[in-house]
Amino acid sequence: MSRVGRAPIAIPSNVEVTIADGHISVKGPKGTLERDLPGAITVRAEEGQLLVERPDDERRNRALHGLARALVANMVHGVTEGYRKDLDIVGVGYRATAKSPTQLELALGFSHPVSVTAPEGITFEVPVATTIGVVGIDKELVGQVAANIRKLRKPEPYKGKGVRYRDERIIRKAGKAGK
């Protein structure tokens, strides 16, 4: 059996889980998340824990077992603590401005400012003009919004300018060899 799929998921006391017909809903202090379970995977609540089970050892069900457990665990973590991705902006004149918690304006070296609107459930934090925080309860959505912002101006390998994740390391290339 999958080592990931076998592990039980602890349900905190302030989280309410509803399971019905391959659909799971997790409600906590930060909000509510819902998801359809993949394939024939089932989830059952037992003694303050969630157990993810597969019907048989077919290849597809084995592949989905660990995935389903990770998705449900991410939902429980999201509604209790939430997720955050930090982005750094590197470059002369590159900066971010928060117009509202869901609206961001970026100056990334283009001839025009770039506006980014957050989807529902995502907020932006700009503590410093060169730092952006993407905050939300859905791990997948937080990661996708951060990736979309990074895609606007990827870090380039010669000077390192662009939008990068906080913990990302850019491998620099040597420029032209002069005389």
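**Contacts, spread and strand β12**

Among contacts (heavy atoms within 4.5 Å) in the protein between residues at least 6 apart in sequence, 50% join residues at least 24 apart.

This is a predicted model, in which local features need pLDDT of at least 70, side-chain atom pairs count only at pLDDT 80 or more, and totals for chains, interfaces and linings use all residues. Residues are numbered from 1 along each chain as its sequence is written, and side-chain values use heavy atoms, with hydrogens and water left out.

Q: How many strands are there in the protein?
A: Helices (H or I, at least four residues) and strands (E, at least two) are DSSP runs, numbered from the N terminus. Alongside three helices, the protein has 13 strands.

Q: Why is strand β12 described as largely enclosed by the rest of the structure?
A: Let's look at burial, where buried means under 20% relative accessible area, exposed over 50% and partly exposed in between (1.4 Å probe, protein chains only). Strand β12 covers residues 131-136, and it is largely enclosed because the buried ones number five of the six.

Q: Which residue in β12 does K85 stand opposite?
A: Two strands pair if DSSP finds at least two bridges between them. Strand β7 (residues 83-90) runs antiparallel to β12, with six bridges joining them. Opposite K85 in β12 stands V134.

Q: Which residue in β12 is the bridge partner of E125?
A: Strand β11 (residues 122-125) pairs with β12 in the antiparallel sense over four bridges. The two form a hairpin with five residues between them. For E125, the bridge partner in β12 is G133.
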